[in-house]
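Hi,

Here is the structure I said I would send over. Have a look at it first, and my notes on what I found follow underneath.

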Amino acid sequence: MSEREVRTQLQQALRSTRRRLFLRGAIRSATIAGAILLTVGAIVVAVDQRWFGGGVGIPLLAALTGLWVVATLVGGLTHTGTRRGAAHTLDEMAALKDRVLSAEQFLAEGELDEPRRVQVADAIARVQALNIKS
């Protein structure tokens, strides 16, 4: 396997991991923000209808929807992290003992000697054997 193929395979694995981290963070943030914003929105609408005649409903709905979308995107982006962070997360979640992180660092340094090439190939083989969806 050439060094270019190795780089491509490792980058694909890290890209997939970062995508999953983004989705996990976005879903978590959407859930929390939705619960908070729905509660605040219900209270504001109830107060508005009770004492102020009920003219705030539509603008409030638009503002809360915008805040929810922003909170979801920010939550997803903050959980994504860097490629090295994704490599570390993948190592920890799959108990790979820093194989992927080391492989990413070796590839970032440039040319690979034979022992490092074997370590990178081993890391890629273990990542490909994983069921990343689980």
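Right after helix H2, Gly81 has a positive phi, about 75°. The model is a predicted one, by the way. Two other glycines turn up in comparable spots: Gly53 comes just after H1 with a positive phi of about 90°, and Gly110 follows H4, its positive phi being near 125°.

Back to H2 itself, which covers residues 57-80. Its 24 residues should span 34 Å at 1.5 Å a residue, and the end C-alpha atoms sit 35 Å apart, so the two values agree. Which residues of H2 are buried? They are Leu60, Leu64, Thr72, Gly75, Gly76 and Thr80. What they pack against is H1. Leu61, also in H2, is another story: with a relative accessible area of 54%, it is exposed, because the cut-off for that class is over 50%. If you want a sense of distance along the model, the C-alpha atoms of Leu61 and Arg15 are 35 Å apart, with their positions 46 residues apart along the chain.

Now the overall picture. The protein has five helices and zero strands, which reads as α-α-α-α-α along the sequence. The C-alpha trace spans about 75 × 25 × 15 Å along its principal axes. Its radius of gyration is 22 Å, whereas a compact globule of 134 residues would come in near 14 Å. Buried residues account for 30% of the 134. The accessible surface is about 8800 Å², and carbon and sulfur atoms make up 61% of that. Taking the contacts between residues at least 6 apart in sequence, 67% join residues that are at least 24 apart.

H1 runs over residues 3-51. From first C-alpha to last, its 49 residues reach 70 Å, close to the 72 Å you would expect at 1.5 Å a residue. Two places on this helix are worth pulling up on screen. One is Thr17, which belongs to H1. Is Thr17 buried or exposed? It counts as buried, because its relative accessible area is 6% and the cut-off is under 20%. Leaving out residues up to four places away in sequence, Thr17 touches Ala86 and Leu90. The other is Ile36, also in H1. Ile36 is part of a nonpolar surface patch together with Ile32, Val40, Val44 and Val56, and the group has about 370 Å² of accessible area. On spacing in general, an α-helix has 3.6 residues a turn, so residues three or four places apart point the same way.

On to H4, residues 99-109. Its buried residues are Val100, Leu101, Ala103, Glu104, Phe106 and Leu107. What covers them? The cover includes H1, helix H3 (83-94) and helix H5 (114-129). You may want to zoom in on Glu104, a charged side chain on that list: its relative accessible area is 4%, so Glu104 is buried. Beyond its neighbours within four places in sequence, Glu104 is in contact with Leu10, Leu14, Arg83 and Arg84.

Arg99 is in H4 too, but at 26% relative accessibility it counts as partly exposed. Setting aside residues up to four places away in sequence, Arg99 touches Asp91, Asp122, Ala123 and Arg126. The C-alpha atoms of Arg99 and Ala121 are separated by 10.0 Å, and the two residues are 22 apart along the chain.

Last stop: the segment after H5, where you will find Leu130. Leu130 is partly exposed, with a relative accessible area of 29%. Which residues does Leu130 contact, leaving aside its neighbours within four places in sequence? They are Leu90, Ala94 and Leu96. For Leu130 and Ala94, the C-alpha atoms are 7.8 Å apart, although 36 residues separate the pair along the chain. Leu90 may ring a bell, since Thr17 touches it as well.

Cheers

Note on methods:
Residues are numbered from 1 along each chain as its sequence is written. This is a predicted model: local features need pLDDT of at least 70, side-chain atom pairs count only at pLDDT 80 or more; totals for chains, interfaces and linings use all residues. Side-chain values use heavy atoms; hydrogens and water are left out. Patches are made of residues with over 30% relative accessible area and no salt bridge: like charges are joined within 9 Å, nonpolar side chains (Val, Leu, Ile, Met, Phe, Trp, Tyr) within 5 Å. Accessible areas come from the Shrake-Rupley method with a 1.4 Å probe; for residues, only the protein chains shown count as cover. A salt bridge is a side-chain nitrogen of Lys or Arg within 4 Å of a carboxyl oxygen of Asp or Glu. Helices (H or I, at least four residues) and strands (E, at least two) are DSSP runs, numbered from the N terminus. The radius of gyration is taken over C-alpha atoms; the globule rule is 2.2 Å times the number of residues to the power 0.38. Buried means under 20% relative accessible area, exposed over 50%, partly exposed in between (1.4 Å probe, protein chains only). Contact means heavy atoms within 4.5 Å. The expected span of a helix is 1.5 Å times one less than its number of residues.
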